[in-house]
Amino acid sequence: MTTRTITIDPRVALTEESALVDHYRNRALVLAQTLLERDTRVAELETELAELKAQAEARPADLGEE
């Protein structure tokens with residue numbers, strides 16, 4: 001098996017590198033957006049959980065007064 005060497009024009013290499021940079025930039029933005037949405041949802045669920053815990057703690061007192 002012989003190995004063949006090809007000389008790549010620097011303009012072609014630059015175009016490919018630029019495309020990769022654009023791809024990774026977009027990927028990073030998509031991941032950052034996903035993390036923001038996840039963190040927002042986690043905060044909402046934590047607030048909801050705290051409210052439900054407060055309601056649950058208040059119920060025995062309410063039931064005893066009837």
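This report describes the fold, the surface and the charged pairs of a predicted model.

## Overall fold

The protein contains one helix and zero strands. The helix, α1, covers residues 10–65, and the protein has 66 residues. A segment stands before α1, and Ile8 has its place there.

## Surface and burial

How many of the residues count as buried? The share is 0% of the 66 residues. A residue is called buried when its relative accessible area is under 20%, exposed when it is over 50%, and partly exposed in between.

The accessible surface of the protein amounts to about 6,500 Å². Carbon and sulfur atoms account for 59% of that surface.

## A nonpolar patch

Which residues make up the nonpolar surface patch? Ile6, Ile8 and Val12 form it, and its area is about 290 Å². One of these residues, Ile8, belongs to the segment before α1.

## Salt bridges

Side chains of opposite charge can pair when their charged atoms come close. In the whole structure, four salt bridges are found. Three of them are described here, one by one.

Asp22 and Arg25 are joined through their side chains, with a distance of 3.1 Å from N to O. Both residues lie in helix α1, and they are three residues apart, about one turn of the helix. Asp22 has a relative accessible area of 41%, so Asp22 counts as partly exposed. Arg25 has a relative accessible area of 49% and is therefore also partly exposed.

Arg41 and Glu44 make another salt bridge, in which the closest N and O atoms are 3.2 Å apart. Where do these two residues lie? Both are in helix α1, three residues apart, which is about one turn of the helix. The relative accessible area of Arg41 is 43%, which places Arg41 among the partly exposed residues. Glu44, at 43% relative accessibility, is partly exposed as well.

Asp39 pairs with Arg38 in a further salt bridge. Here the closest N and O atoms are 2.6 Å apart. Why does Asp39 count as partly exposed? Asp39 counts as partly exposed because its relative accessible area is 41%, a value between the limits of 20% and 50%. Arg38 is partly exposed too, with a relative accessibility of 46%.

## Summary

The predicted model has one helix and no strands, and 0% of its residues count as buried. Ile6, Ile8 and Val12 make a nonpolar patch on the surface, and four salt bridges are found in the whole structure.

Conventions
Residues are numbered from 1 along each chain as its sequence is written. This is a predicted model: local features need pLDDT of at least 70, side-chain atom pairs count only at pLDDT 80 or more; totals for chains, interfaces and linings use all residues. Side-chain values use heavy atoms; hydrogens and water are left out. Patches are made of residues with over 30% relative accessible area and no salt bridge: like charges are joined within 9 Å, nonpolar side chains (Val, Leu, Ile, Met, Phe, Trp, Tyr) within 5 Å. Accessible areas come from the Shrake-Rupley method with a 1.4 Å probe; for residues, only the protein chains shown count as cover. Helices (H or I, at least four residues) and strands (E, at least two) are DSSP runs, numbered from the N terminus. Buried means under 20% relative accessible area, exposed over 50%, partly exposed in between (1.4 Å probe, protein chains only).
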